[in-house]
Structures are given as C-alpha cells and as structure tokens.
Amino acid sequence: MHRSIYIETYGCQMNFADTEIVNGILREQGYELSDDLDTADAIFMNTCAIRDNAEQRIYGRLSNFEHLKKSNPHLVIGILGCMAERLRTDLLEKNASVDIVCGPDEYRKLPALIDAAFEGEKGIRTQLSRVETYDDIVPLRTEGISAWVAVMRGCDKFCTFCVVPFTRGRERSRSLDGVVGEVRDLVARGFREVTLLGQNVNSYLDEGRDFADLLVAVAAIDPALRVRFTTSHPQDMSDRLIAAIAQHENICNYIHLPFQSGSDPVLEAMNRTYTREHYLSLVRKIRASIPHIALSTDIIAGFPGETEEDHQLTLSLLEEVRFDGAYMFKYSPREKTRAWKMGDTVPDDVKGRRLEEIIDLQRRISYDINREQVGRVETILLEGPSKRSDQEWMGRTGTNKTVIVPRSDYQAGDTVQVRITSATSATLFATPVETAQVEAA
Ligand code: SAH
Ligand code: SF4
Ligand code: F3S
C-alpha cells in the first residue's frame, strides 16, 4: 500500500527548496505525495525558527493537526526544518501529537523515520553535517517557469541576532558541475528562470571556483535563461561578482543586499563585519558598474541597545541608498545567539514605532522609484494570470518588479516588451508594445 504524505512549507526559499529535496527523496522511496490534508497518512511541516512569531504560527497550525489526529489516531505528524533543529527533543516531549522530528541535514533518514512512525515508534534525527549538500538528489519540482536551486547550505557568519548558524550548521557548497547539470536539465524541461540560493550565496566555493565563476557558468548554459541569486552578504560582494553581473545580459540586474542597521555601533554589536561607510561605498561601486541595478535589503528595528540616534541613522541610510524594496522586522531574541545575552532592551512599543517609521519611509521611496518607471519600456517574463483578476497577466522585470498587463493569448514563460503606464509602491502596470514602437522609444 502506498502511504500518502502531505507537506506544508514555512520560512525562506531555502526551506521551499528543501521541501523539493524531501519530495525527491520520498518519491524515490515510493511514497505518494499528496496535496490533500484530510486524506494524507502523514502530515509534515517544514518549519522556520528565525523569529518568535514564525514559531508561534507553527504551533497554531500544529493544534489544527492535533484535531485531525483525534479522529484518525494513525495519522503521523512530523516537524522538519529549522524549528526541528532548534528545539529537538523538546518538540517531542512537549507536543504529544508529534511523531517525527527531523533537522535540515537529515532528510535522507526520513523514509526510515516514517516507516517506524507507521509502526507506532516516534523518532528524532537532528545531527548537523559539515558535508551534506544533497548534490545527488533530484529535487521534485512541479513544472513551471521559475525554479529555485540551492547551491550552498548553512552559514558561518554568526550575526549575533541570528539562529540560522545553529539551525543549519556550517557553510558548505555543492559542486559546480552538479549545479550546472541540474540547471541544464531544468532548461531542457522548459524552465525559463533559475534563482541560485544560499544563506550567503556569494560565499559559494567549490575547489577554488567562487560564486562569480558559478554564476557565469550557469548564465552560459542558455542566453535565454534568466539567472537570479539570493541572499548576498555585503562582505562577499566581490568586484569579480559585480563584473559578472554587469557583463552578462541574462544575469538579472537585481541584488538583495541586507544592511540590517545604518549605525556603526549597532552593526558592530550585530557582528555584521562592515560599517555604514563600507556599505555605502559598496552600493556606489555596484551602481557605477551596473547603472540599472535594483537593490533590496533587510532591516531589523530595535536590536538590543539601539538608541533613537541609531534608528535615525537607519532611516537616513534608507534615504541615501533609495532601495527598490525592503523586508523589515522587529528584533526577536533567539536563544543560543550572542545577542540573547544582551537582553531585549528596546521596549516593544518603541520597536513597533521604529518599525512603522522604517516601513512608511520605504513605502514612499518604493513608490517614488516605481513612478519613475512610468513611460519606460521593459522586457517581462510572464508567470501566469494575475491573482487579482483573470482579465490580467502577471510578469516580472529583470529588476524583479511585478508587472500587470491586460490579458492576451499569452503562455506562461513568454517574454513580452511592455511600456509601464502606472505604478503603486508594490506593482507596475503596463501595456504591450510593438517592436517598431520600441525602436522609436
Ligand atoms: N542570510 C541572509 C538572511 C537570513 S534571515 C542574510 O544574511 O542576510 C532573513 C532576515 O531575517 C535577516 O536578514 C534579518 O533581517 C532577519 N532576522 C534574522 N534574525 C532575526 C531576529 N532574531 N529578529 C529579527 N529579525 C531577524
Ligand atoms: Fe543569519 Fe547573518 Fe548568516 Fe544571514 S549572514 S543567515 S543573518 S548569521
Ligand atoms: Fe527560517 Fe530556517 Fe530559513 S530559520 S528563514 S527557514 S534558514
């Protein structure tokens, strides 16, 4: 009998890529993968531990699954991913409904864990590895336009606020040949875009070949393939990497480059390894080489000891750089990290107010930048009908901006030249242009 497995994924793109690896492993072992929660024999959550609210969401969902288990006592419930790694036996001991706990480097053990659980035996595997990259596993992806390809795992940066080095272990890279082979296969299957993934994707290293080498090798596979990557750490943003982006038409002009705080004492306490001035000069260098580059970032409000003056410096850095977009968070203390010992000194209402100010400012800047796009001609890759209306299609520019166009007889994966007609802080609206018009523009 084929047992059916249902998996829900939370957290960052690394987790979504990992779920495809898990699906690849399970399918290989003959399990049936299901998207029907109510009839599945086993339910898994691939979890995130980055902030407390991410974990609270998982507990909320787990209580729904507990109800299902009441009517079906044979139901197996498993926790995968970063929360599994962070909490380990605690998860089993404090949550009677949980049968399996499996960390990010132990997915090859899942079939054995699942078989034991169907026999009524609970199991836990949370060893981290210095070598596991799942390089030989073929991730199970549904057909589509855009694929995520994990090229490295783990993180050695130890930013003092961050739990990732504890949940995902030491940094290690896949082989360059393995990545290139996988992308070739994706191109042959009709994928039009790949995003190379890693917590610090630009610290990729395989036998002396660095991330610039990898990016160029992937871009060379097919000039029509769009190549993206995330997340870049400012420390590893080399001149060679900037040159590679500048020189290859199909490497997208978009860099996600978290700065976290605009104030040097806070950056120091965060162990981010750069100063405000370093960061700003890096941005100037990138823009000098790649004039139309889009930049986005991550920001934390209310790190321990953050003063009003520090916060103002974060706002002024936003004004100075003018990012196209940002992910903005309230500081959340995480056990085991160095910042945990610094206490949670900024009161929650102050954190909240600072975060609001950051969000308001960034929204205004995103809106201004998007408005400046009006009238421009862009090439967009169409992903599918828009979520809002079946009279519209959604696509993306190379700079990763979402563009809405009126419906036509498009296919997902088409590239279309459009002229931007209007904008909000989050979305551009456009109409298709004829080739002749483009030349005149
Ligand atoms: N590796 C990436 C991103 C890691 S997590 C990087 O280095 O940029 C994504 C973002 O979550 C981080 O950039 C940071 O802004 C935020 N984050 C991480 N830990 C946090 C914490 N304890 N509280 C609030 N935000 C946090
Ligand atoms: Fe966390 Fe810093 Fe590593 Fe990013 S670079 S995953 S923020 S420790
Ligand atoms: Fe969350 Fe783990 Fe990603 S903690 S952000 S799922 S690496």
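User: In this predicted model, which residue is the bridge partner of L381 in β20?

Analyst: A bridge ties a residue of one strand to a residue of a neighbouring strand, and two strands pair if at least two such bridges are found between them. In this predicted model, the partner of L381 within β20 is T415, and the two strands concerned, β17 and β20, run antiparallel to each other over 5 bridges.

User: In what order do the strands of the barrel close, and of what kind is the pairing?

Analyst: The way to read a barrel is to follow the pairings from strand to strand until the path closes. Here 5 strands do this in the order β17-β18-β19-β21-β20, with mixed pairing, and the twist from one strand to the next averages 55°. Within that order, strand β18 (residues 392-396) and strand β19 (residues 402-406) are antiparallel partners over 5 bridges, with G395 standing opposite V403 of β19.

User: How many residues lie between β20 and β21 in their hairpin?

Analyst: There are 3 residues between β20 and β21 in this hairpin. Its strands, β20 and β21 (residues 427-432), pair in the antiparallel sense over 5 bridges, and one of the residue pairs is A423 with its bridge partner L428 in β21.

User: Which strands are the edge strands of the open sheet?

Analyst: In an open sheet one looks for the strands that pair on one side only. The sheet in question has 3 strands in the order β7-β10-β13, with parallel pairing, and its edge strands are β7 and β13 (226-230). Neighbouring strands of this sheet are turned against each other by 25° on average, direction ignored. Strand β10 (residues 193-197) pairs with β13 in the parallel sense over 5 bridges, and E193 stands opposite R226 in β13.

User: Which peptide bond is cis, and which residue other than glycine has a positive phi?

Analyst: Such features deserve a look because most residues other than glycine have a negative phi, and most peptide bonds are trans. In this model the peptide bond from T230 to T231 is cis, with omega near 0°, and T231 sits in the loop between β13 and α9. The backbone of R88, which is not a glycine, has a positive phi of about 45°, and R88 belongs to the loop between α3 (82-87) and α4 (89-94).

User: Which residues are the closest to ligand 1, and which atoms of the ligand lie at short distances from protein N or O atoms?

Analyst: One reads a ligand site by listing the surrounding residues and then inspecting individual atom pairs. Ligand 1 is surrounded by 15 residues, the closest being Q199, P258, Q260, D298 and S332. An oxygen atom of ligand 1 lies 2.7 Å from an N or O atom in the side chain of Q260. A nitrogen atom of the ligand is 2.7 Å from a backbone N or O atom of S332, and a nitrogen atom of ligand 1 is 3.0 Å from a backbone N or O atom of F161.

User: What surrounds ligand 2 and ligand 3?

Analyst: Around ligand 2 are C155, K157, F158, C159, F161, C162, V164, P165, Q199, N200, H233 and R272, a shell of 7 nonpolar, 3 polar and 2 charged residues. Ligand 3 has C12, N15, C48, A49, I50, C82, V164, R168 and Q199 around it, which by class are 6 nonpolar, 2 polar and 1 charged.

User: What volume does the second largest pocket have, and which element gives the largest share of its lining?

Analyst: A pocket is described by its volume and by the residues that line it. The volume of the second largest pocket is about 900 Å³, and of its 36 lining residues the closest to the centre are N253, H292, E378, G398 and T399. The elements giving two or more residues to this lining are α9 (239-247), α13 (348-372), β17 (377-385) and β20 (415-423), and the largest share, 4 residues, comes from β17. By class, the lining holds 15 nonpolar, 11 polar and 10 charged residues.

User: What is the volume of the largest cavity, and which residues are the closest to its centre?

Analyst: The largest cavity has a volume of about 80 Å³; of the 13 residues that line this cavity, the closest to the centre are I21, P139, A150, R174 and E182. At least two lining residues come from each of α1 (13-28) and β7 (146-150), and the lining as a whole divides into 7 nonpolar, 1 polar and 5 charged residues.

Definitions and conventions
Residues numbered from 1 in each chain as written. Chains lettered and ligands numbered in written order. Predicted model: local features only at pLDDT ≥ 70, side-chain atom pairs only at ≥ 80, totals over all residues. Heavy atoms only, no water. Near = heavy atom within 4 Å. Nonpolar A, V, L, I, M, F, W, Y, C, P; charged D, E, K, R; others polar. 1 Å grid on protein atoms, 1.4 Å probe; cavity = no way out; pocket = protein on both sides within 12 Å on 5 of 7 lines; lining within 4 Å. Points joined across faces, edges and corners; volume = space filled by probe spheres on them. Axes fitted to C-alpha atoms, helices over the stretch in contact; angles between N-to-C directions. Polar contact = N/O pair within 3.5 Å; in protein donor to acceptor, adjacent residues only side chain to side chain.
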